[in-house]
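I opened this structure to look up how its parts are held against each other. My entries follow in the order in which I made them.

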Amino acid sequence: MFEAVLERWDGDHVVVRHHPGGAWIFVGIHSTRLGPAAGGTRLKQYESAAAGLEDCLRLARGMTRKLAVLGLPHGGGKAVIAVTEIPAGDERRRLFEWYADLLNSLGGSFITGPDVNTGEADMDVIGERSRHVFCTSLARGGSGDPSIHTAYGVFHGIRASLRHAFGSEDLGGRSVLVQGTGSVGAKLVQLLAEAGATVLATDIDEERARATGASVVPAAAALTTECDVYAPCALGATLNADSIPGLRCRVVAGAANNQLATEADGERLRAAGILYAPDYVINGGGALHGIGLEQLGWSPDELEAQVEAIGETLAQIYASADAHAISTEAAAERLAAERLAALDSRPTEAQRTVTRA
Ligand code: NAD
Ligand code: PPY
């Protein structure tokens, strides 16, 4: 089952472990060329272990591109803990302690942070036994929950997308549908509402969508509801050959990772006249938060400026896509490849030390 997934993998290392309690743990270290791989740990139920591995490896590849576009000194990685049921209490603590030991065995080649279904409390458990973790709580000396900065980056990405699509970034009178009102989505709803947008919200947990104060749309209608901007902030692959023809929006710009089911879907969106904000560009605020605050010593103001700059990076990608008549996804790939090549050709600290000696 794993063979077909691994055959398509173009990354450096895959770690596969089975926890005595039944969970499969996958760590995809896509690249360490620019530094230790960094990326969140996702805890989720999957149809099969192979589906968990596939998710992990696709997410890890996206992280390499994300961190290169952000200019951060890390390669891309991601971990998936594939469970039959989401654990709680002592069982959960023991799983994350065991996982911390696994991270230690990787010697710092992968540094993790939160992702879907994992948060500050889990990072704190890891932090009790391992240094290889971002976004532990402020009380433990970490930078805490990064989702406000992810939401803030998406907000600036939406404004840049509106400027490109409509000639103005003004949110007044614009409608935005936020799909998934969890950590990022709920904060995005607030930012958009404060800026004067008409916000529609949807979540499989309808109570969560209602709690945001936005107009609630049934989860099943999320992809076919008319709006200016569709902001996917739940899980991936919502943009595919079946869903794209039914979209009734001008812009897709949201936080979810792996929004495109296949590479061809970037071109499908372009052909449909829909401006797509590449996911790994618009959702970089969380990585800027963890790495900027904890490792690069950024002040809160510096972090805010870096997160706002996500809008400028998107504007650059949109201009490049227009100039070369390619999809925005392809233009983002070009930018990531350029940044990787430029950063890759710089001497590493070890090489600089040898030269100095
Ligand atoms: P979360 O788990 O807090 O929220 C996700 C929400 O989506 C939940 O409320 C869930 O009920 C809802 N949901 C799930 N399936 C749905 C469906 N089919 N339709 C509607 N709603 C659905 O997760 P989060 O931290 O807010 O992250 C959301 C997305 O953004 C994920 O794809 C994550 O990888 C990505 N992301 C998050 C961060 C971050 O800082 N948290 C950073 C970068 C990327
Ligand atoms: C993501 O952006 O998908 C993440 O995994 C966020 C992240 C990345 C690196 C460190 C902390 C959080």
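**Charges over rings**

I started with Arg174, whose charged end sits over the ring of Phe166, 3.7 Å from the ring centre. I keep in mind that this is a predicted model. I then looked up Lys44, which lies over the face of Tyr46 at 4.4 Å from the ring centre.

**Aromatic pairs**

I noted a general point before going on: a pair of aromatic rings is described by the distance of the centres and the angle of the planes. I counted the pairs and got 4 aromatic pairs. One of them is Phe2 with Phe26, edge-to-face, at 5.6 Å centre to centre and 90 degrees between the planes. Phe2 belongs to helix H1 (residues 2-7) and Phe26 to strand S2 (residues 24-29), so this pair ties together parts that are 24 residues apart in sequence. I checked Phe26 for exposure and found it buried, at a relative accessible area of 0%.

Next I took Phe96 and Tyr99, an edge-to-face pair with 6.3 Å between centres and 90 degrees between the planes. Both sit in helix H3 (residues 89-105), 3 residues apart, about one turn of the helix. Both are buried. I also found that Phe2, Trp24 and Phe26 form one aromatic cluster.

**Helix H4**

I listed the buried residues of helix H4 (residues 120-129): Asp122, Met123, Asp124, Val125 and Ile126. These buried residues pack against H3 and strand S5 (110-114).

**Salt bridges**

I searched the whole structure and found 21 salt bridges. In one of them Asp10 pairs with Arg61, the closest N and O atoms being 3.2 Å apart. Asp10 is in the loop between H1 and strand S1 (13-18) and Arg61 is in helix H2 (residues 49-70), so the pair ties together parts that are 51 residues apart in sequence. I found Asp10 partly exposed at 48% relative accessible area, and Arg61 partly exposed at 25%.

I then looked at Arg159 and Glu169, whose side chains meet in a salt bridge of 2.7 Å, N to O. Arg159 is in helix H5 and Glu169 in the loop between H5 and S6, 10 residues apart. Glu169 is partly exposed, at 24% relative accessibility. Asp170 lies in the loop between helix H5 (147-166) and strand S6 (175-179). From Asp170 to Arg159 I read 7.1 Å, C-alpha to C-alpha, for 11 residues in sequence.

Within helix H8 (residues 264-271) I looked up Glu267 and Arg270, 3 residues apart, about one turn of the helix. Their salt bridge has its closest N and O atoms 3.2 Å apart. Last in this entry, I noted a network of salt bridges that links Arg93, Glu97, Asp101, Glu128 and Arg129.

**Two domains**

I read the division of the protein chain as domain 1 (3-63 + 75-138) and domain 2 (147-340). Their centres, taken over C-alpha atoms, are 25 Å apart. The contact takes 16 residues from domain 1 and 12 residues from domain 2.

How much area is buried between domain 1 and domain 2? I found about 1,100 Å², with carbon and sulfur atoms giving 56% of it. Arg58, Phe134 and Cys135 supply 42% of the area that domain 1 buries against domain 2, more than any other three residues. I counted 0 salt bridges between domain 1 and domain 2.

Notes:
Residues numbered from 1 in each chain as written. Chains lettered and ligands numbered in written order. Predicted model: local features only at pLDDT ≥ 70, side-chain atom pairs only at ≥ 80, totals over all residues. Heavy atoms only, no water. Phe/Tyr/Trp six-rings, centres within 6.5 Å; stacked < 30°, edge-to-face > 60°. Helix = DSSP H or I, 4+ residues; strand = E, 2+ residues; numbered from the N terminus. Buried < 20%, exposed > 50% of the residue type's maximum accessible area, 1.4 Å probe, protein only. Lys NZ or Arg CZ within 6 Å of the ring centre and 35° of its normal. Domains from an automatic or database assignment. Contact = heavy atoms within 4.5 Å. Buried area = accessible area lost by both parts, 1.4 Å probe. Salt bridge = Lys/Arg side-chain N within 4 Å of Asp/Glu carboxyl O.
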